[in-house]
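This report describes selected features of one protein model for a reader at the bench. Please consult the sequence and the structure shown below while reading.

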Amino acid sequence: MEKYNDRIEGMYCIRCHKSFEVGDYPTGCPCCAKEGHYASIAFKYRPGGSIRKEEKGMMRYADFLPYEKIPSMGEGGTPFIQVPRLAEDLGLASFYLKNEFQNPTGSHKDRTSPFVVSRAMERKIRTVAAASSGNAGASVAAYSAFTGLNCDIVVLGSVSPVWEAAIASTGARLVRAGSPEERYELMDRKEKDGTWYITTNYLLHPVGSNPWGIQGYKTIAYETYEAFGKDGLPDVILIPVARGDLLWGIYEGFREMREAGWIDKIPRLVAVEPIARISRVLSGEDYRGQFTGDDDLTPSIGGWTVTYQSELAVRESRGTAVSVPQKCVMGLVREMAGYGLYLETSSAVILGALRELIEKGEVKSRDRVMAVATSHGFKNMP
């Protein structure tokens with residue numbers, strides 16, 4: 001595997017903007033952490049770069065990614081599905097769904113896994129690890145097997161038989177932790193002694209997942225630009241959110257294009273969540289707090305914490321956050337299926353959020369709307 005992209009100049013903290021050498025920062029910015037804040041580290045690339053039109057999938061955007069070659073199973077380049085009947089029913093100019101469940105393991109996580117396994121291979125770490133009992137675990141396990149790496153997936157409590165079978169079938173090992181604190185101690189120790197290369201967020205005070213992996217989510221923004229052009233970009237993009245990795249990656253891709261002069265403005269990004277978390281932070285609460293509530297039906301976007309990257313991406317894009325109650329979830333799954341789109345519960349909630357924004361007048365009839373469907377409904381728990 002080749003060394004990382006030589007267009008990378010360095011890394012920086014998204015909160016304090018301090019510069020760092022290229023490396024791995026699983027706990028985020030050390031300077032912010034000393035102050036009791038928690039923020040992730042991102043990449044600086046040399047100005048310039050272009051789309052490699054002869055390439056397919058994510059490698060069309062290799063100039064803006066950590067690696068110019070990756071172990072690929074055909075990820076990226078997923079279709080934009082226009083749903084005119086839904087747009088008409090909601091009174092919108094257009095509605096498109098970014099169909100991420102056409103990735104190899106059926107979710108958006110396949111945009112991150114090639115980069116984290118590439119980084120593990122460069123560092124000569126033989127075991128990749130993730131704290132996940134869902135899409136991320138299945139994706140990391142598959143890409144580890146594809147590249148011949150070992151994989152350990154750390155889970156809390158019981159795991160859905162659907163996910164356990166998907167993970168275990170690759171030869172990955174499920175490691176069960178009794179509490180979030182136990183999981184943190186285990187993963188922190190294994191990361192520090194070089195046993196594991198950590199791919200997902202595992203912290204009690206989260207900063208986002210592995211920054212090398214999150215870079216892969218930028219490709220959704222670049223694909224959107226190629227599909228719609230500078231003047232036809234969606235006005236609003238709805239994104240299911242847990243710790244905001246996908247949200248931040250999409251924002252970062254659009255921000256790079258704006259800084260390069262490719263686009264004039266970033267679409268308004270809407271964080272869709274199962275309980276009021278980011279929405280409360282946007283109203284003035286501290287992002288480091290705990291935001292409790294029921295999220296059992298939407299485990300892929302569950303959790304009681306907020307990351308700085310989520311707040312920043314929403315604010316900088318002039319967006320907002322909408323929470324969709326659990327009592328609405330299964331009805332939304334059926335409604336989306338009625339339009340031919342059987343979605344994972346954590347994706348179907350985009351419809352509930354969109355309706356609320358229309359009712360509040362925050363999305364108008366002239367708006368072009370896009371939503372990211374992170375995974376399909378065949379992964380829903382029975």
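In which strand is Tyr197 found?

## Tyr197 and its surroundings

Tyr197 is found in strand β9; helices (H or I, at least four residues) and strands (E, at least two) are DSSP runs numbered from the N terminus. The model is a predicted one, in which local features need pLDDT of at least 70 and side-chain atom pairs count only at pLDDT 80 or more, whereas totals for chains, interfaces and linings use all residues. Residues are numbered from 1 along each chain as its sequence is written, and side-chain values use heavy atoms, with hydrogens and water left out.

With a relative accessible area of 3%, Tyr197 is buried; buried means under 20% relative accessible area, exposed over 50%, and partly exposed in between, for a 1.4 Å probe and protein chains only. Not counting neighbours within four places in sequence, the residues in contact with Tyr197 include Asp24, Arg119, Arg123, Asn210 and Trp212, where contact means heavy atoms within 4.5 Å. Tyr197 and Asp24 lie 173 residues apart along the chain, yet their C-alpha atoms are separated by 9.5 Å. Their side chains are joined by a polar contact of 2.6 Å. A polar contact is a pair of N or O atoms within 3.5 Å; within protein, one must be able to donate a hydrogen and the other to accept it, and residues adjacent in sequence count only if both atoms are side-chain atoms.

## Helix α6

Strand β9 is also among the elements against which the buried residues of α6 pack, together with β6 (127–131), β7 (150–156) and β8 (173–177). The buried residues of this helix are Arg183, Leu186, Met187, Asp188 and Glu191. Helix α6 comprises 13 residues (180–192), which should span 18 Å at 1.5 Å a residue, and its end C-alpha atoms are indeed 18 Å apart; the expected span is 1.5 Å times one less than the number of residues. After α6 comes Gly194, with a positive phi near 80°.

## The six-stranded sheet

An open, mixed sheet is formed by six strands in the order β4-β5-β13-β10-β11-β12; two strands pair if DSSP finds at least two bridges between them. Its edge strands, β4 (80–82) and β12 (320–323), each pair on one side only.

Strands β10 (residues 236–240) and β13 (residues 368–373) pair in the parallel sense over three bridges. In this region Ile237 stands opposite Met370 of β13.

## Nonpolar cores

The largest nonpolar core has 80 residues, and Ile14, Ile239, Leu247, Ile250 and Phe254 have the most contacts inside it. Such a core is a set of buried Ala, Val, Leu, Ile, Met, Phe, Trp, Tyr and Cys residues joined through side-chain atoms within 4.5 Å. Helix α9 (residues 245–259) gives the most to this core, with seven residues. A second, separate core of 34 residues includes Leu97, Val272, Ile301 and Ala373.

## Loop residues

His37 is found in the loop between α1 (30–34) and β3 (41–45) and is buried, at 17% relative accessible area. The side chain of His37 makes a polar contact of 3.4 Å with that of Tyr287.

Two further loop residues have positive phi values although neither is glycine: His17, near 65°, and Arg318, near 60°. His17 is in the loop between β1 (8–13) and β2 (19–20) and counts as exposed at 55% relative accessibility. Arg318 is in the loop between α11 (308–316) and β12 and counts as partly exposed at 48%.
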